[in-house]
Amino acid sequence: MGWSWQSFRCRRTVATGGVATLLCTVVSVMFLIFAGYKQADTAQNQVTDAWNRVVPLIRQGPLPEILDSGEVSGIQVVDDRGHVVAATRNLAGAPPIASFRAPDTQVTTARVLCPPPGMHGCMTVFSYRVFQPQGPWVLYIAVPTIPWYGQTASLLLAVGVSVLIIAILTGWTYRDLTRAISPVNAIRAELAEITATDLGRRVPVPAKYEEIRYLAETVNDTLDRLEEAYARQRRFTADASHDLRTPVTAMRTRLEEALLHPEDADWPRTAEAVLSSVDRLHRLVTDLLSLAQLDARTSLHRDPTDLRRLVATELDHREHRKKIVKDLPESVVIDCDRLRIARLLGNLLDNAERHATSQISVSVRRDPSAAVVEVVDDGAGIATEDRKAVFDRFTRLDAGYARDANGTGLGLAIAREIAMVHGGTLTIEDSDRGARFVLRLPAADRQVPA
């Protein structure tokens, strides 16, 4: 991935550099102000030391013509007539370096002169009033003007350290982000190579960064589910194609045979056989459309429904070949799509009719937080290892196929999908005899409107 302003690495590196620059600038300015203050304080101490040395010489004498400069740049003593009577060696014979004097109400004052006469560069000149019997004299002391940042060395030090810190932080951030993003780029590159025909590939899982490791593991888990779903979809498509082809082939064969020998064909019987295949094809297409709607998670038309009344109505409207035992002691209200729940109940009853020997038991009750419907037949039952498989699409156990060869193998799959879209479950649980299907749906805390 190149350097782009839209990239996270670029933005974060620039942001880090900007923050580091701001912080270093603030710290450097504070450091330079402190350094300038310390340098100015040092210069003031140097001026004070010079004053302490020269003033006693003026008052007590003798005053030498050449004064020791000490740590200051220059000293001059001017008498009451304006003549220089003493000076440091660098100002010997020079005119006064300043003409200003401290006002009568003050002992000292200072000004910046660029440059004072006889000197080079800007100097801060201090003027002290020294009282003498014949009149006040003036003591001039010159020191280099101190900038706000102190010495140039302090400025270079602050700039150098700031640049070094900014470079280190920016470089470290760029390097660390590059290392952190590398696994993400590897994941992206691998995902770009994965196609529908090569779902077995997985993205690399880094060992260093925990968050990115979790991301890679989640992506791989998603790919696992996607591969499994794609495999199921392929099986579903193959099974659907096979089951759709079977009645179409049967109809075509019957009609071709009848057309080859029309005078010998039993047309009523042929029509019945074709109609039977059409019925099977219609059931299969209807079930496939129902599954497609459920897979698409189309909206449900939920209404408060008395589940006991819905089950009783469904039982009353059906023609039963087996004895029905009802156990509907109490009303249980659920929010549901009535047509789909009726379809679910119908599929369970159809399955029970195919497998029951003589009797089917249907019960409705309320658990602490769920409405429960049980449909139990007295047939051979379902083996524990097959209880999950019977809900797979186009799955028909040998016993079920023997009892109804025209079944689509989608009834229980549709029933479970309807239960799931309602936030419930459909399972097979243990029973003394036969198969026991248990439907659990969220119960509503209200009554059905009258």
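**Exercise 1. Strand β2 and its neighbours**

Find which residue of β6 is the bridge partner of Q76, and then describe how strand β2 is placed in its sheet and how its residues are covered in this predicted model.

*Solution.* Begin with the pair itself: the bridge partner of Q76 in β6 is Y140. This pair belongs to the contact between β2 and strand β6 (residues 137-144), where the two strands pair in the antiparallel sense over 5 bridges.

Next, turn to strand β3 (residues 84-88), with which β2 also pairs in the antiparallel sense, here over 3 bridges. Within this pairing, V78 has V84 in β3 as its bridge partner. The connection is a hairpin, since β2 and β3 have 5 residues between them, and G82 in the turn has a positive phi of about 90 degrees.

Then place these strands in the sheet, which is open, has 6 strands in the order β1-β3-β2-β6-β5-β4, and shows mixed pairing. Its edge strands are β1 (66-67) and β4 (108-113), each of which pairs on one side only.

Finally, consider accessibility, for which buried means under 20% relative accessible area. In strand β2 (residues 74-78), 5 of the 5 residues are buried. G74, Q76 and V78 point one way from the strand, whereas I75 and V77 point the other way.

**Exercise 2. From an edge strand to the disulfide**

Determine how many bridges join β4 to strand β5, and then work out the handedness of the disulfide between C114 and C122.

*Solution.* Strand β4 is joined to strand β5 (residues 123-130) by 6 bridges, and the two run antiparallel. As one example of the register, R111 stands opposite V125 in β5.

For the disulfide, note that the structure holds 1, and that this one joins C114 to C122 with an S to S distance of 1.9 Å. The torsion about the S-S bond of these two residues is about 115 degrees, so the disulfide is right-handed.

The accessibilities complete the picture: C114 is exposed, with a relative accessible area of 51%, while C122 is partly exposed at 40%. Two further cysteines count as buried, namely C24 at 10% relative accessibility and C336 at 0%.

**Exercise 3. The five-stranded sheet**

State which strands stand at the edges of the sheet that contains β10 and β11, and why one side of each edge strand lacks a neighbour.

*Solution.* Write out the order first: the 5 strands form an open sheet, β8-β10-β11-β13-β12, with mixed pairing. The edge positions belong to β8 (323-327) and β12 (425-429), each of which has a single partner strand, so one side of each is left without a neighbour in the sheet. From one strand to the next, the twist averages 15 degrees.

As a check on one pairing, strand β10 (residues 359-366) and strand β11 (residues 370-377) run antiparallel and are joined by 7 bridges; within it, S363 has E374 in β11 as its bridge partner.

**Exercise 4. The second largest pocket**

Characterise the lining of the second largest pocket by its residue classes and by the helices that supply it.

*Solution.* The pocket has a volume of about 490 Å³. Of the 16 residues that line it, those closest to its centre are R232, R235, D392, R393 and R416. Sorted by class, the lining divides into 9 charged, 5 nonpolar and 2 polar residues.

Turning to the helices, α3 (210-260) and α8 (411-421) each supply at least two residues of the lining, and the largest share, 7 residues, comes from α3.

Notes: Residues are numbered from 1 along each chain as its sequence is written. This is a predicted model: local features need pLDDT of at least 70, side-chain atom pairs count only at pLDDT 80 or more; totals for chains, interfaces and linings use all residues. Side-chain values use heavy atoms; hydrogens and water are left out. On a 1 Å grid over the protein atoms alone, a cavity is a set of points where a 1.4 Å probe fits but cannot get out, and a pocket is an open set with protein on both sides within 12 Å along at least five of seven lines; lining residues have an atom within 4 Å of a point. Grid points are joined across faces, edges and corners, and a volume is the space filled by probe spheres set on the points. Helices (H or I, at least four residues) and strands (E, at least two) are DSSP runs, numbered from the N terminus. Ala, Val, Leu, Ile, Met, Phe, Trp, Tyr, Cys and Pro count as nonpolar, Asp, Glu, Lys and Arg as charged, and the others, Gly among them, as polar. A disulfide is a pair of cysteine sulfur atoms within 2.5 Å. Buried means under 20% relative accessible area, exposed over 50%, partly exposed in between (1.4 Å probe, protein chains only). Two strands pair if DSSP finds at least two bridges between them. Axes are lines fitted to C-alpha atoms, for helices over the stretch in contact, and angles run from 0 to 180 degrees between N-to-C directions.
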